Amino acid sequence: MSDSSLAEMLRSRGLRLTAQRQLILDAVLELGHATPEQVHAAVREVAAGVNITTIYRTLELLERLGLVTHTHLSHGSPTYHSVGEDAHVHLVCRNCGAVDEVDPELFRPVTDTLAAERGFQVDIGHVALFGVCGRTECGERRG
């Protein structure tokens, strides 16, 4: 998202574009999937004075604005990513912590069944499957 688009979106809600807000959004876009702590580390490389509270508040604001979303990929902090990305299901390796993505169409039979039988609409952007990836360093190579 361009600086001017973000500025217009914020102004329409009575807010202003600050350098910190832009840096935080840019960090999320650059990192792909990032916890608030990872965003904080990236932002501090450019602006050392930004504190973690500002990161959390800004991420919440950016989520309310529909620019980022979060999912829980572990028991720790949520992981944020851009809403502009294609919807995807997260695959999280319990051994190495790698996060991969798969097309949600792979899960269409399950989501369709849940909708038909239970009236339940799955928010696929918040789905995370945990297991062991096929990387050699994880010790459990899958074919």
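Start with the surface: turn it on for the whole protein and you're looking at about 8800 Å² of exposed area, with carbon and sulfur atoms supplying 50% of it. Keep in mind that this is a predicted model. Colour by charge while the surface is up: there are 13 positive and 19 negative side chains, and the centres of those two sets lie 7 Å apart.

Now drop the surface and switch to cartoon. You should find five helices and five strands, running along the sequence as α-α-α-α-β-β-β-β-α-β. If you want to set up a box, the C-alpha trace spans about 50 × 40 × 25 Å along its principal axes. Of the 143 residues, 35% count as buried. As for sequence separation, take the contacts between residues at least 6 apart: 47% of them join residues at least 24 apart.

Next, the nonpolar core. Select Ile24, Val39, Val43, Ile55 and Leu62, the residues with the most contacts inside the largest nonpolar core, which has 18 residues. Which elements give two or more residues to this core? Show α1 (3–11), α2 (19–31), α3 (36–44) and α4 (52–64), and you have them.

Zoom in on isoleucine 55. Setting aside residues up to four places away in sequence, isoleucine 55 touches Ile24, Pro36, Val39, His40, Val43 and Val50.

One of those partners, proline 36, is the next stop. Select proline 36 in helix α3. Is proline 36 buried or exposed? Its relative accessibility is 0%, so proline 36 counts as buried, the cut-off being under 20%. Now display what surrounds it: beyond the neighbours within four places in sequence, proline 36 is in contact with Ile52, Ile55, Tyr56, Leu59, Ser77, Pro78 and Tyr80. Pick serine 77 from that list and draw a distance between C-alpha atoms: proline 36 and serine 77 are 41 residues apart along the chain, yet their C-alpha atoms are separated by 7.1 Å.

Last stop: jump to strand β3 (residues 89–93) and select histidine 90. Histidine 90 has a relative accessible area of 0%, so this residue is buried too. Which side chain does the side chain of histidine 90 make a polar contact with? Show histidine 33 as sticks: the side chains of histidine 90 and histidine 33 make that polar contact at 3.1 Å. Leave both histidines on screen for a final look at the pair.

Terms used. Residues are numbered from 1 along each chain as its sequence is written. This is a predicted model: local features need pLDDT of at least 70, side-chain atom pairs count only at pLDDT 80 or more; totals for chains, interfaces and linings use all residues. Side-chain values use heavy atoms; hydrogens and water are left out. Helices (H or I, at least four residues) and strands (E, at least two) are DSSP runs, numbered from the N terminus. Buried means under 20% relative accessible area, exposed over 50%, partly exposed in between (1.4 Å probe, protein chains only). Contact means heavy atoms within 4.5 Å. Accessible areas come from the Shrake-Rupley method with a 1.4 Å probe; for residues, only the protein chains shown count as cover. Lys and Arg count as positive and Asp and Glu as negative; His and the chain ends are not counted. The place of a charge is taken as NZ of Lys, CZ of Arg, CG of Asp or CD of Glu. A polar contact is a pair of N or O atoms within 3.5 Å; within protein, one must be able to donate a hydrogen and the other to accept it, and residues adjacent in sequence count only if both atoms are side-chain atoms. A nonpolar core is a set of buried Ala, Val, Leu, Ile, Met, Phe, Trp, Tyr and Cys residues joined through side-chain atoms within 4.5 Å.
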